[in-house]
Amino acid sequence: MSAGDLFGSEAEGLRAGRLGCACPEDAPLALRRRAGALPLAAGFALVVLAQALTLGALPLAGAMLAPTHALGGRIPAAGLPLAAFLAGAALASLPASLLLDGFGRRAGFALGASLGVAGGLICAYAVMAAAFPLLVVGAFWLGAAQGFGMFYRHAAAFGAEAAGRPGAVARLIGAGALAGLAGPLLAERAEALFVPYSFAGTLILAALAQLGALAFAVMLPEARFSHADFTVEATASRAAPPALAWRALAVPTLIGAMAWGAMTSAMAGAPLALVGCGVGVPLVSGLVAWHVVAMYAPALAGGALAQRLGAARLAALALTLCLGAAAMVRLAPDALGIGAAFLCVGAGWSLAMCGATLMLHEAGRPTRLQLAAHDGLMLAAALAGVLVSGALA
């Protein structure tokens with residue numbers, strides 16, 4: 001059998017003395033949800049566990065180690081670690097999108113988790129050595145890992161057909177609720193191992209969670225986001241979904257950005273406000289963990305709600321809840337009101353993010369630059385929420 005029979009037009013490129021490859025270059029691999037659903041969900045749950053532990057520790061660790069003066073005369077230095085965490089996440093969005101597309105999900109998510117392992121260890125050393133600048137550096141690296149982790153939901157959406165996409169995204173985001181449930185128990189035991197160094201055990205546990213995410217990342221089937229034309233749905237229909245118009249990116253990005261800003265504003269203010277009301281640090285850490293449960297558990301119902309109400313209506317209603325609850329975190333007069341509003345912020349954020357993600361993928365097939373812009377703008381709004389909360393404190 002001749003080379004032309006084997007490779008068709010590929011034989012035209014073969015010349016004497018030239019090496020040829022029997023496999024097509026850069027062959028796209030189908031993003032099949034069944035093949036990678038379990039490691040994808042497990043990896044995301046561990047990323048969320050690291051996020052829960054980090055968000056619970058950074059505001060209090062920053063308050064413990066920060067210098068007394070404010071930055072620029074207005075923003076308390078105690079908020080700088082959390083701000084660095086969110087800045088790292090925002091700045092990692094574009095590199096994460098390019099790397100996930102250029103090298104595939106396996107390499108991209110593994111790299112992000114590696115950054116998280118390093119960041120968690122740096123933060124743990126910082127609290128043990130009482131080194132505030134190192135805490136800020138470690139928080140930045142942990143944030144960069146979260147920037148990569150944000151793309152798990154896009155991986156779930158790309159790997160499902162249109163009818164199953166709401167359920168795929170909802171199950172992935174809902175898997176994060178398991179991490180929130182496990183967080184308080186694990187953090188309490190980790191802290192006991194590192195007495196008298198407050199928060200060192202929690203931050204080392206965050207590094208171990210990222211190490212677990214790394215292990216699941218290397219189990220993922222290799223696939224690239226730019227090969228969404230070869231998803232289960234596209235392969236079955238032989239027709240690629242239309243490209244996403246840039247104008248269609250505006251509304252879901254705005255909704256997501258406002259939800260992120262409200263959530264991080266509450267996250268920056270609620271733990272310190274609860275401590276000011278006389279609530280002990282262990283109880284505050286537990287409430288932060290339940291806040292993380294509220295950030296992800298409602299998404300389990302998000303797919304059904306999106307199918308019933310529509311993704312846009314779900315996102316709008318959830319955003320209203322998120323904004324109202326964030327205002328109540330600042331206005332509530334007692335710890336009970338602050339805690340209840342804090343949980344409602346998480347629930348509103350969860351459903352708003354679920355609705356916004358579905359809106360984005362229903363409107364067309366986003367490019368890697370559009371995904372980077374979407375996530376980067378949302379995380380920039382998250383950083384703005386922390387800075388505004390610190391300026392108003």
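Helices here are DSSP runs of H or I, at least four residues in length, and they are numbered from the N terminus. With that in hand, here's the quick tour of this predicted model. The chain carries 15 helices and two strands, and 52% of its 393 residues count as buried. Among contacts with a separation of 6 or more, 84% join residues 24 or more positions apart. Two cavities of 30 Å³ or more turn up inside.

**The largest cavity**

- This one holds about 250 Å³ of space.
- Its lining is made of 22 residues, and Gln51, Met150, Trp260, Tyr296 and Trp349 are the ones that lie nearest its centre.
- Five helices each put at least two residues into the lining: α2 (33-65), α3 (80-103), α5 (132-149), α10 (250-276) and α14 (335-362).
- Of the contributors, α2 has the largest share, with five residues.
- Sorted by class, the lining of the largest cavity has 17 nonpolar residues, four polar and one charged.

**The second largest cavity**

- Its volume is about 50 Å³.
- Around it sit Val47, Phe109, Gly112, Ala113, Ala145, Phe148, Gly149, Tyr152, Gln210 and Ala213.
- Helices α4 (105-129), α5 and α8 each give two or more residues to that lining.
- The class split for the second largest cavity is seven nonpolar and three polar, with no charged residues.

**Gln210, a lining residue worth a click**

- Glutamine 210 belongs to helix α8, which covers residues 200-217, and it is among the residues lining the second largest cavity.
- Its relative accessible area is just 1%, so glutamine 210 is buried, the cut-off being under 20%.
- Setting aside neighbours within four places in sequence, glutamine 210 touches Val47, Ala50, Ala113, Gly116, Val117, Ala145 and Gln146.
- Val47, Ala113 and Ala145 from that contact list also appear in the lining of the second largest cavity.

**Helices α4 and α5, and the turn between them**

- For the 25 residues of α4, 1.5 Å a residue predicts a span of 36 Å, and the end C-alpha atoms are indeed 36 Å apart.
- The 18 residues of α5 should span 26 Å by the same reckoning, which agrees with the 26 Å between its end C-alpha atoms.
- Helix α5 is largely enclosed by the rest of the structure, because 13 of its 18 residues are buried.
- Right after α4 comes alanine 130, in the loop that leads from α4 to α5.
- Alanine 130 has a positive phi of about 55° even though it is not a glycine.
- At 55% relative accessibility, alanine 130 is over the 50% cut-off and therefore counts as exposed.

**The loop between α7 and α8**

- Two backbone oddities can be found here, given that most residues other than glycine have a negative phi and most peptide bonds are trans.
- Going from valine 195 to proline 196, the peptide bond is cis, with omega near 10°.
- Proline 196 is located in the loop between α7 (165-193) and α8.
- Phenylalanine 199 is in the loop between α7 and α8 too, and it has a positive phi of about 75° without being a glycine.
- Phenylalanine 199 comes in at 9% relative accessibility, so it is buried.

**Arg368 and its distant partner**

- Arginine 368 is part of helix α15, residues 368-392.
- With 37% relative accessibility, arginine 368 ranks as partly exposed.
- Leucine 98 is 270 residues away from arginine 368 along the chain, yet their C-alpha atoms are separated by 6.5 Å.

**Cysteines**

- If you're wondering about crosslinks, the structure holds zero disulfides.
- Cysteine 123 is buried, at 0% relative accessibility.
- Cysteine 277 is partly exposed, at 40% relative accessible area.

How values were computed: Residues are numbered from 1 along each chain as its sequence is written. This is a predicted model: local features need pLDDT of at least 70, side-chain atom pairs count only at pLDDT 80 or more; totals for chains, interfaces and linings use all residues. Side-chain values use heavy atoms; hydrogens and water are left out. Buried means under 20% relative accessible area, exposed over 50%, partly exposed in between (1.4 Å probe, protein chains only). Contact means heavy atoms within 4.5 Å. A disulfide is a pair of cysteine sulfur atoms within 2.5 Å. On a 1 Å grid over the protein atoms alone, a cavity is a set of points where a 1.4 Å probe fits but cannot get out, and a pocket is an open set with protein on both sides within 12 Å along at least five of seven lines; lining residues have an atom within 4 Å of a point. Grid points are joined across faces, edges and corners, and a volume is the space filled by probe spheres set on the points. Ala, Val, Leu, Ile, Met, Phe, Trp, Tyr, Cys and Pro count as nonpolar, Asp, Glu, Lys and Arg as charged, and the others, Gly among them, as polar. The expected span of a helix is 1.5 Å times one less than its number of residues.
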